[in-house]
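This report describes selected features of one molecular structure for a reader who is new to the subject. The sequence and the model follow.

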Amino acid sequence: MQMISDFLAIGGYSGFIWTAYGAVAVVLVGLLIVSLRKLRTTSAEVAALEANSPRRRRNNTDNKDATS
Amino acid sequence: MIQQYANPARFNRLAATLMPWFAWPAGVLIAVGLYFALFNSPPDYQQGDTVRIMYVHVPSAWMALFVYTSMAISSAVGLIWKHPLAHLSAQAAAPIGACFTFVCLLTGSLWGKPMWGTWWVWDARLTSVLILFFLYLGFMALQNAFDDPARGERSAAILAIIGFINVPIIKFSVDWWNTLHQPASVVKISGPAIHSSMLIPLFVMGVGFTLYFCALLLLRMKTLMLARRARGMSMAQLHQQASE
Amino acid sequence: MNALVLIMRREIRLALRQIGESAIIVLFFVLAAVLFPFGVGPEPNMLARIAPGVVWVTALLAAMLSFERLFTPDFEDGSLEQLALGPAPLEMIALAKAAAHWLTTGLPLMIAAPLIAVLYRLPDAGYGALMTTMALGTPTISLIGTVGAALTLGSRRGGVLLSLLVIPLIVPVLIFGTAAIDAAIGGIPVRQHLMLMGGFLLGALVLTPLATAAALRQALE
Amino acid sequence: MRFFGENLSCVRGERLVFSGLEFAVDPGTALVLTGSNGSGKTSLLRVMSGLTRPTVGHLAWQDGPVVDNPECHHSRLNYVGHLDALKPVLSVRENLQTWARLHGSTDKKIASALKKLGLEGSENIPGRYLSTGQRRRLSLARLAASDAPLWLLDEPTIALDAASVDAVRSLIAEHRAAGGMAVIATNVDLGIADTTTLNLLDFAAADEDIWEGVR
C-alpha cells in the first residue's frame, strides 16, 4: 500500500486528484457503455424473437389495421 | 384491459424525445464543471489542490441520496397504484445510484489520504454512505433473487421503502457514534468554508450529474421494457408450442 | 386476540419439539465469541475493552442464522396459507412469529450473553447494562429479522441475502447497545442510550408488522 | 348467503390466465371448475380465497364486497389446496387442532372429523410417518372440523383410495345439505349430483402483453 501512496504523491497531490477524477470518469462512462451495450443486445433479442414468429407478427399487423 | 393505467409504448416514445434534452446538457454542464473545478477555481489555503476532489466527491454524495430517494418514491408509487413502470424506474435507478455511492466513497478515501494519511476514515458521513451502499446492494440482490421478476420487483420495492425510513435513523446513530468515538487527531470532513468561486463548479457538477442520471435512467428503463417484452414473447411462444 | 395466542402457542410448541435448533443458535453464539481471543490474544484489558462489541456482534450474527427458518418451512408445507386464511390478519401473524422467534432465540441468547461476558472479564458495572440492552435489543432484532425473512421468502439465495438486507437496518441498535455498556462501565449515565433503544423497539413494534404483512402478501400471491 | 365474482381477471407468473370471469355460488350448490392444466383452476380458487388479489374485477358476498372485510371473508371459507399444511413433528390430532381451533372449532368436532375421514385410530402418529393418502385425509379433515359455509377444494381426490373418495363425496353432500357451498377444481368426475360446471377455457384471454408496443 505504501508503494501506491508514494506513487500518487509524486506530483504533489495531483496524483490523488487525477486518480479521483479518473475513477469518476471510468465509473460514469463505463456505466453508460454497459447500459448502451445492454440496450443493443436486448433490442437484438427482441428483433430475433419477432423474426422467428412471423405468423404471430402477421396476425398483429392485421389486428392493428382493423382496430386503429 | 391492464392497459388503462400503464402505457409503456407511450412512455417509451416520450422517453425517446426527452433523452437528448437530458443527455447533451449533461455532457456540456459536466465539461464546464470540470473546467471550473480543475483550472478556474482557487486552491484551498490549507489543503492546496486536493480540495478539487471535493468537486466530484460532494455531487456524487448528493446523487447517492437523491437516487435512493427517487427509488423509494417510485417503489411506493409502484406498490400503491400497482404501476409497473414505477417499479421499472426503481430497478433502472439502483445501479446508477450504487455507482454514484461507490464513486463518493472512492473519492472520499482519495481525499482522506493526503489530508490525514489514511485511506479510510470512520467519519460519520463516509460511514453512513458506506451503509447506504449496502442498502443499494441489498436492493439489487433482492430484486434478482426471484424467478418471477414481478415478485422480485415488489419485494425490492418494500425494501427500498424500509431502507428510506432507516436512512435518517442510521445517519443520526452514526453521527452520534462518531462524536462518541472521535479520535482527537482526525479532522472531520467539514471541508473548507465554501467560497463563492468554489460554489459554482460544485453546483454545475451537481446539475450535470443529475441530468446524466435522468438520461441514463430513461435509457436503462427502455432496456428493461424491451427485456420484459422479449420475456413475454418467448413465454408466449413456449405456451403456443406447448398447446399445439 | 386469542388468534395471536393460538399462533404463539403453535410456534412455541413447534420450537420445543425442535429444541435442537435453538440450542445450535446459542452454541454458535458461544463458539463465535470464544473464537475472538484466539485472534486478538488473551490479554485481559484488551478483551474487557472489546467485550461489549464482541458479545453484541456475535449475538446479532447468531440471530441472523435463525431468521430463514422463520417462514420457509411453513411456506413450503402450506401452513402459511392456512395461517393467512385464518381469522388473524397478516400483521398479527407477523407479530406472533417475531414474538415466538424472540422467545426461542432472543431469550436464550440473552441468557448466554453474561456467560460470554465472564469469559471476557467484563467489568462488573457492565453486566446490568448488558442485560438491559440485550432485553431491549434482541426483540428489535427479531422484529427487523422477520421483515427480512418475509422479503426473501421463496427467493433463491434466502439465507445470505437475508443478512445483507437486515444488517444495515440493525446498525443503530448495535451502536447504542454497545455504547450503553461502555457508558455503564465508564460510570456515565446510560438512561439516554436505553431510552433510544426503547424508541427503536417501539418503532419496530409498530412498523415492521406492516412491512412483513406486505411482504407475506407478495409471497402468498 | 350468496357468494359471487364479477369481471374477474388474474395474472399469474406474468401470464394473463383468465379474464372477464363471472361466477355465483348459492347455499346448497356446488360449482365444479374444469379445464386443462394451467387453465387457471388453482388461480381462480386462490382468487376466491383472497390469497391472490384479482388484477381486475371484484368478489363479494351478499352483505358486501370481500375487500371491505377480508378477515370476515376468511372466517367464512375453508381452502384445501395441493399442500397439506401438516407439520411432521406434530401428531395427527395436534395438526388438526392447530387449524380447527384457529377457526373456533371444539374438540368434540375435531374427534368426529377424524372419525369421518377414517383417522380415529391414528391420532397420536407423528405427521412424518403418515402415508400420502393419510396426509390428504388429514387435510380434508379440516373441512369436517370447521363450520365455514364456503369450501374451496383443489383436486380433493388425488392420492385417495376408493373408500376415501366416498367419504369425501358424502362429506360434501352433508355440507351442502346443511346449506353449505363448495367450489371444486378437478379433472376427475367426482360423481356428485346436480353441480354447475365452469370451464376455465371459456374465459381464457388473448395474451395482452402490455410491453407489446415497446420498440
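What is the mean pLDDT of chain B, and what percentage of its residues reach 70 or more? The model is a predicted one, and chain B has a mean pLDDT of 85, with 89% of its residues at 70 or more.

**Confidence in chain B**

Within chain B, the element with the highest mean pLDDT is helix α2 (residues 54-81), at 93, whereas α6(B) has the lowest, at 86. The pLDDT falls below 50 over residues 184-188 of chain B. Apart from near neighbours in sequence, this stretch has 5 contacts in the model. Where pLDDT is low, predicted coordinates should not be read in detail.

**Two helix pairs**

The table sets out the geometry of one helix pair from chain B and one from chain C.

| Helix pair | Crossing angle | Axis separation | Handedness |
|---|---|---|---|
| α3(B) and α4(B) | roughly 150 degrees | within 9 Å | left-handed |
| α2(C) and α3(C) | about 145 degrees | 9 Å | right-handed |

In chain B, helix α4 covers residues 124-143, and its axis crosses that of α3(B) at roughly 150 degrees. Because angles over 145 degrees count as roughly antiparallel, α3(B) is described as roughly antiparallel to α4(B). Among the residues that α3(B) brings to this contact are Ala94(B), Ala98(B), Phe102(B) and Leu105(B). The residues from α4(B) include Leu130(B), Phe133(B), Leu137(B) and Met140(B). By class, the contact of α3(B) with α4(B) has 15 nonpolar and 5 polar residues, and no charged ones.

In chain C, helix α2 spans residues 19-40 and helix α3 spans residues 44-67. On the α2(C) side, the residues that meet α3(C) include Phe28(C), Phe29(C), Ala32(C) and Phe36(C). On the α3(C) side, Ile50(C), Val54(C), Leu61(C) and Leu65(C) are among the residues in the contact. Of the residues in the contact of α2(C) with α3(C), 17 are nonpolar, 2 are polar and none is charged.

**The sheet of chain D**

Chain D contains an open sheet of 4 strands, ordered β2-β1-β4-β5, with antiparallel pairing. Each of β2 (15-25) and β5 (64-65) of chain D has a single partner strand, so one side of each is left without a neighbour in the sheet. Strand β4 (residues 56-61) of chain D is joined to β5(D) by 2 bridges. Ala60(D) is placed opposite Pro65(D), a residue of β5(D). Helix α1 (residues 41-49) of chain D lies across β1, β2 and β4 of the chain, and runs at about 125 degrees to β1(D).

**Contacts between chains**

Which element of chain B gives the most to the side that touches chain A? That element is α6(B), with 13 residues. The contact as a whole takes 29 residues from chain B and 24 residues from chain A. Both α3 (84-116) and α6 (196-243) of chain B supply at least two residues to the side that touches chain A. That side of chain B divides into 17 nonpolar, 6 polar and 6 charged residues.

Chain C and chain D also meet, with 18 residues from chain C and 19 residues from chain D. On the chain C side, the elements that give two or more residues are α1 (2-17) and α5 (79-84). The most comes from α1(C), with 5 residues. The side of chain C that touches chain D has 8 nonpolar, 5 polar and 5 charged residues.

Technical notes
Residues numbered from 1 in each chain as written. Chains lettered and ligands numbered in written order. Predicted model: local features only at pLDDT ≥ 70, side-chain atom pairs only at ≥ 80, totals over all residues. Axes fitted to C-alpha atoms, helices over the stretch in contact; angles between N-to-C directions. Left-handed = near helix turned anticlockwise from the far one by under 90°. Contact = placed C-beta atoms within 7 Å. Nonpolar A, V, L, I, M, F, W, Y, C, P; charged D, E, K, R; others polar. pLDDT = per-residue confidence, 0-100. Pairing = 2+ DSSP bridges. Parallel < 35°, antiparallel > 145°, perpendicular 65-115°, else oblique.
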